[in-house]
Amino acid sequence: MAKSFIALSLFILFNVANAALPGTWPAVDQPVAAVAAWSSLVDMSKVTKAPQLNQTTTCAQVSSFCRSPCGCNRPSDILNCPTKKDWGLSFDDGPSPYTSRLVDFLDSQKIKATFFVVGSRVYQFPEVLKKIYDSGHDIAVHTWSHTALTSLSNEQIIAEIKYTELAIQQAINVTTRTVRPPYGDCDDRVRDILGQLGYKIILWDRDASDFLANSNPNFNVNWIPGNFTQWIATDTGTTGHISLEHDLYQKTALAAESVVPVLQKAQYNIVPAATCTTPGATSTTSNTTTDAATSTPASISNDPQSGSSQSNAVSLDKSIASLFTTCLITVLLFYQTFL
Ligand SMILES: [Zn+2]
């Protein structure tokens, strides 16, 4: 009984410490609707007139507009690090409850990575994002809902990026101008929009396929470091690499602890994936040097400038309510357990 009491109390305290971002946000993991004020940031006459695809559209059905998962890339797509023996480390789809341990591990090894974060997860776990950022890692956008961008309208693509941008701004007060489209799915239409919004596209040339660990019961997590071992053994190219891993699931977040030693043993220079083209740079800039007016229209209720007092009030109310609830439950549990 006492153990249950402690476990439940810790669970409650964890949730209090990881309160979601205040304010009104779109539904998590759902494609967002267009926001007119943001749509006007892009000159649509300069966006390639490629069709909006179904998520089930196969590569065989798409022969033009250079869709990246179909074997076509433009020079603006960054797939690897330019310097041989540089290894760009990246983790997608977080932040999650499993990211914190991953950050602790990377910090213990004095390694920095790029985290491509999903806006819905930033909304849910802003304190985890803060831990990533405060530990010196690189932060980049991975859209609000993790929907294939070629399946969305121009206006929806913009809103997916800007809501994520806004969530990052509210959580850690920085702006990032680096993006990875979910599934690496982009074509010339998507590239034009992301380019006009000022974003650099980072893809990868080494996919750990670690996401299968969550969906395939026969997946052996040792295959993840095994992939790295195999890539290293056959690495005869003239460039470095960028690997894709995920911190959304426990098994994949833990896999980094077996992957990093493989790279270290082979004497690779491990760097954040998004910045290996410009050593020493980061994807983020402080909001003190960013024109928030151009990135956050006044019509958005979460505007960190115009709505700060309201957001803070909501946040404070939430914290007090959560603390009160925690105290109440703790007293009741104590009473039930020991009296
Ligand atoms: Zn992803």
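**Exercise 1. Contacts along the chain**

Task: In this predicted model, find what share of the contacts with a separation of 6 or more in the protein chain comes from residues 24 or more positions apart.

Solution. Start with the contacts in the protein chain that have a separation of 6 or more; residues 24 or more positions apart account for 81% of them. Next, set this beside the secondary structure, which comes to 12 helices and 11 strands. Finally, note the burial: 40% of the 339 residues count as buried.

**Exercise 2. The nonpolar core**

Task: Work out which members of the largest nonpolar core touch the most other members, and which helix gives the core its largest share.

Solution. Begin with the general tendency: in soluble globular proteins, nonpolar side chains tend to be buried together. Here the largest nonpolar core holds 68 residues, and Val117, Val122, Leu129, Ala167 and Ile201 touch the most other members. Helix H6 (residues 154-172) supplies the largest share of this core, with 10 residues.

Now pick Val122 and list its partners, skipping neighbours within four places in sequence. They are Pro95, Val117, Leu129, Thr164, Ala167, Ile168 and Ala171. Val117, Leu129 and Ala167 are also among the residues named above as touching the most other core members.

**Exercise 3. Two helix pairs that share H3**

Task: Describe how helix H3 packs against H10 and against H5, then say which residues meet in each pair.

Solution. Two packed helices are described by the angle between their axes and the distance between the axes.

1. Take H3 (residues 99-108) with H10 (residues 250-265): the angle is about 10 degrees and the axes lie 9 Å apart. H3 is therefore roughly parallel to H10, since an angle under 35 degrees counts as such. Their crossing is left-handed.
2. Look at the residues in this pair. From H3, Thr99, Arg101, Leu102 and Phe105 meet Ala253, Ala256 and Glu257 of H10. By class, this contact has 4 nonpolar, 1 polar and 2 charged residues.
3. Turn to H3 with H5 (residues 126-134). The angle is about 10 degrees, with the axes 10 Å apart, so H3 and H5 are roughly parallel to each other.
4. List the residues again: Thr99, Ser100 and Val103 in H3 meet Val128, Lys131 and Ile132 in H5. This contact divides into 3 nonpolar, 2 polar and 1 charged residues.

**Exercise 4. Backbone geometry to check by eye**

Task: Locate the cis peptide bond, then decide whether Lys85 and Thr143 are buried or partly exposed.

Solution. Most residues other than glycine have a negative phi, and most peptide bonds are trans. With that in mind, go through the exceptions.

1. Gly94 and Pro95 are joined by a cis peptide bond, with omega about 0 degrees. Pro95 sits in the loop between strand E2 (86-92) and H3.
2. Lys85 is not a glycine, yet its phi is positive, about 75 degrees. This residue belongs to the loop between E1 and E2. Lys85 counts as partly exposed because it has 14 C-beta neighbours inside 10 Å.
3. Thr143 also has a positive phi, near 75 degrees, and is found in the loop between strand E4 (138-141) and H6. With 26 C-beta neighbours inside 10 Å, Thr143 counts as buried, because the cut-off is 20 or more.

**Exercise 5. Two loop residues with distant partners**

Task: For Cys66 and Leu152, find which residues each one contacts beyond four places in sequence.

Solution. Cys66 comes first. Its place is the loop between helix H2 (36-39) and strand E1 (77-78). With 18 C-beta neighbours inside 10 Å, Cys66 counts as partly exposed. Its C-alpha atom is separated by 6.2 Å from that of Asp188, 122 residues apart along the chain. The contacts of Cys66 are Cys72, Arg74, Asp187 and Asp188.

Leu152 lies in the loop between E4 and H6. It counts as buried because 24 C-beta neighbours lie inside 10 Å. The C-alpha atoms of Leu152 and Gln52 are 6.2 Å from each other, although 100 residues separate the two along the chain. Contacts of Leu152 are Pro31, Gln52, Thr147, Ile157 and Glu160.

**Exercise 6. What covers H7**

Task: Name buried residues of helix H7 and elements that cover them.

Solution. In H7 (residues 188-196), Arg189, Val190, Arg191, Asp192, Ile193 and Leu194 are buried. Their cover includes H6, strand E6 (178-179) and strand E7 (200-202). After H7 comes Gly198, with a positive phi near 90 degrees.

Notes:
Residues numbered from 1 in each chain as written. Predicted model: local features only at pLDDT ≥ 70, side-chain atom pairs only at ≥ 80, totals over all residues. Helix = DSSP H or I, 4+ residues; strand = E, 2+ residues; numbered from the N terminus. Buried ≥ 20, exposed ≤ 12 C-beta atoms within 10 Å, placed from the backbone. Contact = placed C-beta atoms within 7 Å. Core = buried A, V, L, I, M, F, W, Y, C linked by C-beta atoms within 7 Å. Axes fitted to C-alpha atoms, helices over the stretch in contact; angles between N-to-C directions. Parallel < 35°, antiparallel > 145°, perpendicular 65-115°, else oblique. Left-handed = near helix turned anticlockwise from the far one by under 90°. Nonpolar A, V, L, I, M, F, W, Y, C, P; charged D, E, K, R; others polar.
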